[in-house]
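The report below describes a sheet, the helices that pack on it, and the cysteines.

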Amino acid sequence: MDSATLSSIKTGSPCVFSKLPNPNPNPNFTKFPPSSFKLLKPIRCIQRPNSNLNSINPGRVFSCRAVTSTPSPITDRSSARLQALVTEFQSFAEPIDRVKRLLHYAAQLPRFDESLKTSENRVMGCTAQVWLDVRLDDEGRVRFAADSDSEITRGFCACLVRVLDGAAAEEVVGVKPEDLAALSVVGVGGMGSSRANTWHNVLISMQKRTRALVARREGKAPGEVFPSLVVTAEGISANGSYAEAQARFLLPDVLKVQELANLLKERKIGVVAHFYMDPEVQGVLTAAQKLWPHIHISDSLVMADSAVKMAKEGCQFITVLGVDFMSENVRAILDQAGFSEVGVYRMSDERIGCSLADAATSPAYMDYLVTASMMSPSLHVVYINTSLETKAHAHELVPTITCTSSNVVQTILQAFAEIPNINIWYGPDSYMGANIVELFRRMTVMTDEEIAEIHPQHNRKSIITLLHRLHYYQDGTCIVHHLFGHEVVEKINEMYCDAFLTAHFEVPGEMFSLAMEAKRRGMGVVGSTQNILDFIKQRVQEALDRDVNDHLQFVLGTESGMVTSIVAAVRKLLSSVSSAKVSVEIVFPVSSDSVTTTSRSASPGLSSGEVGELMKFSIIPGVTSGEGCSIHGGCASCPYMKMNSLSSLLKVCHHLPNGKESLSAYEAGRFSLRTPNGKLVADVGCEPILHMRHYQATKRLPEKLVNHILHLSGNGRP
């Protein structure tokens, strides 16, 4: 890891992962000081229109890996240029002298034709304005021209042009970011990670455009893009039928919105909904928020907190739009807060399951916990997305604390800090467990100072010890995040290497690693659904603050239902600015086995122009135009969450309060079941949640939990 890895996982901060190290750092390269790694201003390329075969046509999308031959190592000429530059920069002991050398090269950069300073030639997303022109000459060599309105960035561009101008395409794509590490100028007057990563991001732009030129010269067809939504201050446009399906309900029927808001207000009903709701439901709820304040859309943890707040403000009923463990948690937390008289209702008279929560109810998971109970001291860190019954039964076997994707790393680090010989048993999400292990493994190559920035009581030695005592369950997955496997990762690598990449912490390891690499250079986020939303909002706000035209592209590495909240947040930001034209594109990385081709007859009700536009992208949700689910189990949208319909919500509201007897199957009942030790499931199941809330408030494990851990014998009993 180059440096301070998870800048936002410092003690007391949400766990948004960043700056993971290279597991095999090159000792010959200068190590960046921790101060150099803060969030950078990202860089993104926009292709320049030109009919010449030796330039890039923005209307066609080319693979980031379009060069036919495998990229060869950088050849002698470029290697000699790079080595000379590296030697020159390494001869300066002080960073300020490197800055002076950059400014020297900036002054020598050939004049950039003013006519080429177009929005199409912008390398967008960076703090400074950068323009890049890439062409192939008659001999097939790549010619670069670049400029920037920042002298430092201009110096970066000058060095890259100096090394790569006139090189063969294979040479250009063969350069690796590590090759540029010795050219760092960080550590001078606020020159942080945005400076350190400019090398990487501009290089990626140069390489992607080079591949596109080669692909076009060889007559290759452009790669098939993922469906996407483009949001501007003027409105929303959809690229592809899958995106069109998502977009239909972003601007909901005004009459439906008014009907729902009137019902909620008249009958004092609050609504808590998960981010993964169907777009139709979320569209109406988002619009209704302006008419009735007691509607909240969030991740699972905040839903119960919001319900308590609504009860305090006079709501007599809470409707929960989510899966069953979410309504269970809301019911239990309301009872704990003293609002047992407030009714809690689900949106179906059938069970609303969850593949991940179900994994924790299996005999195999109980066996996993029995094993944990035999090793003392042990702590079971259970994901919040599990049932109350699971939490209760687990807590009686092994001392248990719940976690979220935002706080799981800090929870584990704190447990090891307070009880150094503890065994940690994480479950049930196998992908998240593997990602946690990988994250800690990479931390072992960080310096003690860098680790202390993440948690002040840890160092390399303690992290190595931690890894030997960290266990995770290996047979539990979310069917949504299971989708983001090898095929999707390959396509992101090929088509979207210069886009912002967002990923939930539950994604498979390949997607996790890809997102961590993007995060390392300021172009990605790994975390919870809220972390993803916050990251997108932050990047959009930064683009608006620059007050220049910009286009931001985000790959959405989580359930597609998130798009409603993202679009609402982005539109709110864009509507507040009138000068700069910023567009935001949300890309849905849908696996090919989750979609099927369509025909003109598949889009009834659309005009011929709209159908023609959709036919450019032959994608619609689902194997048979259904929910977007893969034949191998992965889903672009969660079928369980889609059991929460707008009609069900209206039905429940219409029957409250006088007809609530007919809603008995919808009511989130209290647990009358008892644990094997004879205690109420609701009481014992809430305890791990309360332990987590104590940790969130104090950044220490509760004394009661620590005593529980230390005073258990090897059979799980006091």
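## The parallel sheet

In this predicted model, four strands are arranged as an open sheet in the order β12-β11-β13-β14, with parallel pairing. The edge positions are taken by β12 (400-403) and β14 (470-472), each of which has a single partner strand, so one side of each is left without a neighbour in the sheet. Neighbouring strands are turned against each other by 25° on average, direction ignored. Strands (E, at least two residues) and helices (H or I, at least four) are DSSP runs numbered from the N terminus, and two strands pair if DSSP finds at least two bridges between them.

Strand β13 (residues 423-427) pairs with β14 in the parallel sense over three bridges, and Y426 has Y472 in β14 as its bridge partner.

## Helices on the sheet

Helix α12 (residues 363-373) lies across β11 (378-383), β13 and β14, and runs at about 170° to β13. Helix α15 (residues 430-443) also packs on the sheet, where it touches β11, β13 and β14, its direction making about 155° with that of β14. Contact means heavy atoms within 4.5 Å; axes are lines fitted to C-alpha atoms, for helices over the stretch in contact, and angles run from 0 to 180 degrees between N-to-C directions.

## Cysteines

The structure holds zero disulfides (pairs of cysteine sulfur atoms within 2.5 Å). C315 is buried, with a relative accessible area of 3%, and C354 counts as buried at 16%, where buried means under 20% relative accessible area (1.4 Å probe, protein chains only).

## Basis of the values

Residues are numbered from 1 along each chain as its sequence is written, and side-chain values use heavy atoms, leaving out hydrogens and water. As the model is predicted, local features need pLDDT of at least 70 and side-chain atom pairs count only at pLDDT 80 or more, whereas totals for chains, interfaces and linings use all residues.

Technical notes
Buried < 20%, exposed > 50% of the residue type's maximum accessible area, 1.4 Å probe, protein only.
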